[in-house]
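This report describes one protein chain for a reader who has not seen it before. Please look over the sequence and the structure, then read on.

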Amino acid sequence: MTGRTFTVNAAWDAEARVWTVSDSDVPGLAAEADTVERLQAKLRGLIPELLAENGVAAPEPVAFALVATSTTYVSRNAA
């Protein structure tokens with residue numbers, strides 16, 4: 001299978017304790033979930049729907065890459 005792969009960037013929101021879509025090349029995409037796996041499951045349904053609603057040409061099946069980033073702070077003095 002070849003064609004375009006849509007990119008979805010997600011970041012961990014420590015305060016809300018959820019993974020949130022922070023950037024995407026899918027128009028209108030907004031989603032969050034408590035695990036990356038649950039976010040990926042939501043995206044499986046949302047992405048094709050949003051592409052169709054926005055008239056974006058996409059191959060069948062639609063491919064997307066979920067890039068999840070989490071920043072962790074640690075003290076250099078922690079042992």
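## The loop between β1 and β2

Arg17 is found in the loop between β1 and β2. The model shown here is a predicted one. In it, Arg17 has a positive phi of about 60° although this residue is not a glycine. The hairpin of β1 and β2, to which Arg17 belongs, has 4 residues between the strands. Is Arg17 buried or exposed? Its relative accessible area is 60%, so Arg17 is exposed.

## Overall layout

The protein holds 1 helix and 4 strands. Read from the N terminus on, the order of elements is β-β-β-α-β.

Its C-alpha atoms fill a box of roughly 50 × 25 × 15 Å along the principal axes. The radius of gyration is 15 Å, while a compact globule of 79 residues would have one near 12 Å. Of the 79 residues, 19% count as buried. Among contacts with a separation of 6 or more, 41% come from residues 24 or more positions apart.

## The sheet and the helix

The 4 strands make up an open sheet with mixed pairing, and their order across it is β3-β2-β1-β4. At the edges are β3 (32-33) and β4 (63-69), each of which pairs on one side only. Helix α1, made of residues 36-53, packs on this sheet and touches β1, β2, β3 and β4. The direction of helix α1 makes about 140° with that of β4.

Strand β1 (residues 5-13) and strand β2 (residues 18-24) run antiparallel and are joined by 6 bridges. Two places show how these strands line up. Val8 of the protein stands opposite Ser24 in β2, and Ala11 stands opposite Thr20 in β2.

In which sense do β1 and β4 pair? They pair in the parallel sense, over 7 bridges. Here Ala10 stands opposite Ala68 in β4.

Asn9 is a further residue of strand β1. With 23% relative accessibility, Asn9 counts as partly exposed, because the buried class ends under 20%. Leaving aside residues up to four places away in sequence, Asn9 touches Thr20, Val21, Ser22, Asp23 and Val67. Asn9 and Ala68 are 59 residues apart along the chain, and their C-alpha atoms are separated by 6.0 Å.

## The aromatic pair

The structure contains 1 aromatic pair. Its rings belong to Trp12 and Trp19, with centres 5.4 Å apart and planes at 55°. A pair counts as stacked when the planes are under 30 degrees apart and as edge-to-face when they are over 60. The angle of 55° falls in neither class, so the pair of Trp12 and Trp19 is tilted.

The two residues also have their own accessibility values. Trp12 has a relative accessible area of 30% and is partly exposed. Trp19, at 13%, is buried.

## Salt bridges

How many salt bridges does a search of the whole structure find? The search finds 2 salt bridges. In one, the side chains of Arg4 and Asp25 meet, at 3.5 Å from N to O. This pair links distant parts of the chain, 21 residues apart: Arg4 lies in the segment before β1, and Asp25 lies in the loop between β2 and β3. The other salt bridge is formed by Asp34 with Arg38, whose closest N and O atoms are 2.7 Å apart.

The table gives the accessibility of the residues in these bridges.

| Residue | Relative accessible area | Class |
|---|---|---|
| Arg4 | 40% | partly exposed |
| Asp25 | 31% | partly exposed |
| Asp34 | 39% | partly exposed |
| Arg38 | 49% | partly exposed |

The value for Arg38 is 49%, and a residue counts as exposed over 50%, so Arg38 is placed in the partly exposed class.

## A cis peptide bond

One more backbone feature belongs in this account. Glu60 and Pro61 are joined by a cis peptide bond, with omega about 0°. Where does Pro61 lie? Pro61 is in the loop between α1 and β4.

Key. Residues are numbered from 1 along each chain as its sequence is written. This is a predicted model: local features need pLDDT of at least 70, side-chain atom pairs count only at pLDDT 80 or more; totals for chains, interfaces and linings use all residues. Side-chain values use heavy atoms; hydrogens and water are left out. Two strands pair if DSSP finds at least two bridges between them. Contact means heavy atoms within 4.5 Å. Axes are lines fitted to C-alpha atoms, for helices over the stretch in contact, and angles run from 0 to 180 degrees between N-to-C directions. Rings of Phe, Tyr and Trp (its six-membered ring) pair if their centres lie within 6.5 Å; planes under 30 degrees apart count as stacked, over 60 as edge-to-face and the rest as tilted. Buried means under 20% relative accessible area, exposed over 50%, partly exposed in between (1.4 Å probe, protein chains only). A salt bridge is a side-chain nitrogen of Lys or Arg within 4 Å of a carboxyl oxygen of Asp or Glu. The radius of gyration is taken over C-alpha atoms; the globule rule is 2.2 Å times the number of residues to the power 0.38.
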